[in-house]
Every structure is written in structure tokens, then in C-alpha cells.
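Reader: I would like a close look at one helix and what surrounds it. Please keep it brisk.

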Amino acid sequence: WNTGNWNTGDRNTGNWNTGDWNTGDWNTGCFSTLTPTIDLFEKPSGLTYEQARYIPGIQVLNWAYENNWWIYSENMTDEEKAAHPEHDTTGGYLKSIPFKDACALMWRNLSDDDKRKVLEIPKFDADIFYRITGIRAGGQDDV
């Protein structure tokens, strides 16, 4: 019952809504004509989700985070082959690592410039960032 895109509610003409009867975008409630602003690090940002997506530090995190890799059979260890016998049919397997492990790997591989961009996300809060990612960021050793 939506004319907008990517809605989970009903009767929306806006996009990316989870509520009903919205003509704005990114709404989580009902009967809104506005596109709301979002919180960053649990504080009002004054930015819409669409604007926040283009913050350099958020783009760095979105581009650099990865927790799944396709491992081809010829690159698998004997242990991986034993654990994933389907590799004979599929040609490999999808290796996944836990979220915080992937965050740590990502952070280790970021350049100092990219780490700075993350630390410059508006309203950056090192404690909240740590609770979510397991990464201690914001100190002198981080850039």
C-alpha cells in the first residue's frame, strides 16, 4: 500500500519509513510530512539520515567494515575443508567473524587519516563508540 520505496509501514508516499501514513522520508512514526533529524552518539545532530550518510567518517566505516569473506577451496586450510565439506560443490565457503572482531580488524587497517575522519564524526563519543565496536578510540595512540 506504499507509493514510496523501502517502506515497512503502510500507506507511505515517502521513502524508508517504518511507520504508516508518512509523506516524509525516514520516519519511524505515523502521519508525518517532515523528514526527521537523527541522533549521533545519542545526541541530537540536526542532520537527516541522508545528510549523515555523507559524513566522511561514517563513509569510512561503511566502506571499510567487512565481516564475511568468500574463501576459495584452494585457499582453505585442512581444518576449514573438514568443517566445510560443501566446498567440494560450492568451490569454497563463506567465512564470517563476529562483529567486534571485524571492527577491530577494520580499525587496525584504517589509515591515520581515515581514523581522524571517524573521530571527527559530529557528537563523537569515545565511550559509546567503544561499547558498540569494542574499539578504544579518541586517544593519542589512535591516529
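Author: What follows starts at helix H5 and works outward.

This is a predicted model, in which local features need pLDDT of at least 70, side-chain atom pairs count only at pLDDT 80 or more, and totals for chains, interfaces and linings use all residues. Residues are numbered from 1 along each chain as its sequence is written, and side-chain values use heavy atoms, with hydrogens and water left out.

Helices (H or I, at least four residues) and strands (E, at least two) are DSSP runs, numbered from the N terminus. H5 spans residues 99-109. Its buried residues are Ala 102, Cys 103, Met 106 and Trp 107. They sit on the same side of H5, because they cover an arc of only 135 degrees around the axis. That arc is taken from the directions from the helix axis to the C-beta atoms. Arg 108 and Asn 109 are exposed, on the face of H5 turned away from the buried side. Buried means under 20% relative accessible area, exposed over 50%, and partly exposed in between (1.4 Å probe, protein chains only).

What covers the buried side? The cover of H5's buried residues includes helix H2 (56-64), helix H6 (112-119) and helix H7 (126-133). Contact here means heavy atoms within 4.5 Å.

Take H2 next. Gly 57, Ile 58, Gln 59, Val 60 and Leu 61 are buried in H2. The buried residues of H2 pack against E1, H1, H5, H6 and H7.

Now H7. Ile 128, Phe 129 and Thr 133 are buried there. They lie on the same side of H7, since their arc around the axis is only 110 degrees. The cover of these H7 residues includes H2, H5 and H6.

Trp 107 of H5 is buried, and ring pairs also link Trp 107 with Phe 41, Phe 124 and Phe 129 into a cluster. Rings of Phe, Tyr and Trp (its six-membered ring) pair if their centres lie within 6.5 Å; planes under 30 degrees apart count as stacked, over 60 as edge-to-face and the rest as tilted. The structure holds six aromatic pairs. In one of them, Trp 26 and Tyr 49 have ring centres 4.1 Å apart and planes at 45 degrees, so the pair is tilted. Trp 26 lies in the segment before strand E1 (37-40) and Tyr 49 in helix H1 (residues 49-52), so this pair ties together parts 23 residues apart in sequence.

There is also a pocket to consider. The largest pocket has a volume of about 480 Å³. Of its 20 lining residues, the closest to the centre are Phe 41, Ile 58, Leu 61, Asn 62 and Ile 121. E1, H1, H2, H5 and H7 each give two or more residues to the lining. H7 gives the largest share, four residues. On a 1 Å grid over the protein atoms alone, a pocket is an open set of points where a 1.4 Å probe fits, with protein on both sides within 12 Å along at least five of seven lines; lining residues have an atom within 4 Å of a point. The volume is the space filled by probe spheres set on the points, which are joined across faces, edges and corners.

Last, the approach to H5. Ile 97 is in the loop between strand E4 (92-96) and H5. Leaving aside neighbours within four places in sequence, Ile 97 is in contact with Asn 67, Trp 69, Ala 102 and Leu 105. Ile 97 and Asn 68 are 29 residues apart in sequence and 6.7 Å apart in space, C-alpha to C-alpha.
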